[in-house]
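I opened a notebook page for this chain and listed what to look up. The entries follow in the order I took them.

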Amino acid sequence: MSYSFRIARAEDMPGVYQLLQKVFRPTYGKILTGAQMDWMLTHIFSEEELCRQQRNTSFRFILLGLPGELLGFSVLEQDYNGRAFCCKLHKLYLSVEAQGKGLGRLLIEKSAEHAREMSQEELVLNVNRYNNARYFYEKMGFEVLYQEDIPLANGYFMNDYVMGKKL
């Protein structure tokens, strides 16, 4: 199949939001409570928040798809937290149907390519400590740098590993 990659435009954001709504619960259903997932989808992953990030020139949404079908996306932030040359991979999601077909690897590789184009030298990400995606990221050359517990609201936390790799 001939997969395509492109940078998201404002008009792509409703589709990105819809894809995220479909994959978020299957991804985190065994890790987070329903109430925490509801809160995160309403506050962190709302369509408004995604659109705000897409408009920010430090962020880059990379779309993976087939003609007329969005299969996945990633979100990069250049010079994360003021750290020159450090790019944060904030999100990487694939539709349930696209998982297990090597498309995650393609999306990581394309994300790393974009990070290098933005003159970034390191790619970092957070992954929930109970998410098996950690092993995928390790296969892609990331290593655990440290762990952190990020307080949200209502007593919720993101219990993550911070992983990174040199570009």
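**Entry 1: overall build**

I began with burial across the chain: buried residues account for 46% of the 167 residues. I note that the model is predicted.

I then went through the secondary structure and found 5 helices and 7 strands in the chain. In sequence order I wrote the pattern down as β-α-α-α-β-β-β-α-β-α-β-β. The radius of gyration came out at 15 Å, close to the 15 Å from the globule rule for 167 residues, so I entered the chain as being as compact as a globular protein of that length. For the outer dimensions, I recorded that the C-alpha atoms fill a box of roughly 40 × 35 × 30 Å along the principal axes.

I also looked at contact range. Taking contacts between residues at least 6 apart in sequence, I found that 59% join residues at least 24 apart.

**Entry 2: nonpolar cores**

Which residues have the most contacts inside the largest nonpolar core? I found Leu123, Tyr137 and Phe142, in a core of 24 residues. The elements giving two or more residues to this core are S2, S3, S4, helix H4 (103-117), strand S5 (122-128) and strand S7 (157-166). H4 gives the most, with 5 residues.

I followed Leu123 further. Leaving out residues up to four places away in sequence, I listed its contacts as Leu76, Cys87, Leu89, Ala112, Ala115, Phe142, Met163, Gly164, Lys165 and Leu167. Phe142 is thus on this contact list and also among the residues with the most contacts inside the core.

I then noted a second, separate core of 23 residues, with Met37, Phe59, Phe73 and Tyr156 among them. As background, I wrote that nonpolar side chains tend to be buried together in soluble globular proteins.

**Entry 3: helix H3**

Which residues of helix H3 (residues 47-55) are buried? I listed Glu49, Leu50, Cys51, Gln53 and Gln54. I checked what these buried residues pack against and found H1, H2, S2, S3 and S4.

**Entry 4: largest pocket**

I looked up the largest pocket and recorded about 1,000 Å³ of space in it. Its lining has 43 residues, and the closest to the centre are Tyr28, Leu92, Tyr93, Asn131 and Tyr137. Tyr137 had already appeared in my core entry, as one of the residues with the most contacts there.

Which element gives the most to this lining? Strand S4 (residues 86-94) does, with 7 residues. I sorted the lining by class and got 24 nonpolar, 11 polar and 8 charged residues.

**Entry 5: second largest pocket**

The second largest pocket holds about 200 Å³ of space. I counted 13 lining residues, with Arg6, Leu63, Leu66, Glu69 and Leu70 nearest its centre. Strand S1 (4-7), strand S2 (59-66) and strand S3 (69-77) are the elements that give two or more residues to this lining. The largest share, 4 residues, is from S2. By class I recorded 6 nonpolar, 4 polar and 3 charged residues.

**Entry 6: positive phi**

I recalled that most residues other than glycine have a negative phi. I then wrote down two residues with positive values.

Ser119 has a phi near 65°. I placed Ser119 in the loop between H4 and S5. Is Ser119 buried or partly exposed? Its relative accessible area is 47%, so I entered Ser119 as partly exposed; the exposed class starts over 50%.

Asn154 has a positive phi of about 55° and is not a glycine. I found Asn154 in the loop between strand S6 (143-151) and S7. With 62% relative accessibility, Asn154 counts as exposed.

**Entry 7: two helix residues and their distances**

I looked up Lys22, which lies in helix H1 (residues 13-28). Lys22 is exposed, at 62% relative accessible area. I took the C-alpha separation between Lys22 and Gln78 as 27 Å, for a pair 56 residues apart along the chain.

Next I took Asp38, in helix H2 (residues 34-43). Asp38 is partly exposed, with a relative accessible area of 37%. The C-alpha atoms of Asp38 and Phe142 are separated by 29 Å, and I noted the two residues as 104 apart along the chain.

Terms used:
Residues are numbered from 1 along each chain as its sequence is written. This is a predicted model: local features need pLDDT of at least 70, side-chain atom pairs count only at pLDDT 80 or more; totals for chains, interfaces and linings use all residues. Side-chain values use heavy atoms; hydrogens and water are left out. On a 1 Å grid over the protein atoms alone, a cavity is a set of points where a 1.4 Å probe fits but cannot get out, and a pocket is an open set with protein on both sides within 12 Å along at least five of seven lines; lining residues have an atom within 4 Å of a point. Grid points are joined across faces, edges and corners, and a volume is the space filled by probe spheres set on the points. Ala, Val, Leu, Ile, Met, Phe, Trp, Tyr, Cys and Pro count as nonpolar, Asp, Glu, Lys and Arg as charged, and the others, Gly among them, as polar. A nonpolar core is a set of buried Ala, Val, Leu, Ile, Met, Phe, Trp, Tyr and Cys residues joined through side-chain atoms within 4.5 Å. Buried means under 20% relative accessible area, exposed over 50%, partly exposed in between (1.4 Å probe, protein chains only). Contact means heavy atoms within 4.5 Å. The radius of gyration is taken over C-alpha atoms; the globule rule is 2.2 Å times the number of residues to the power 0.38.
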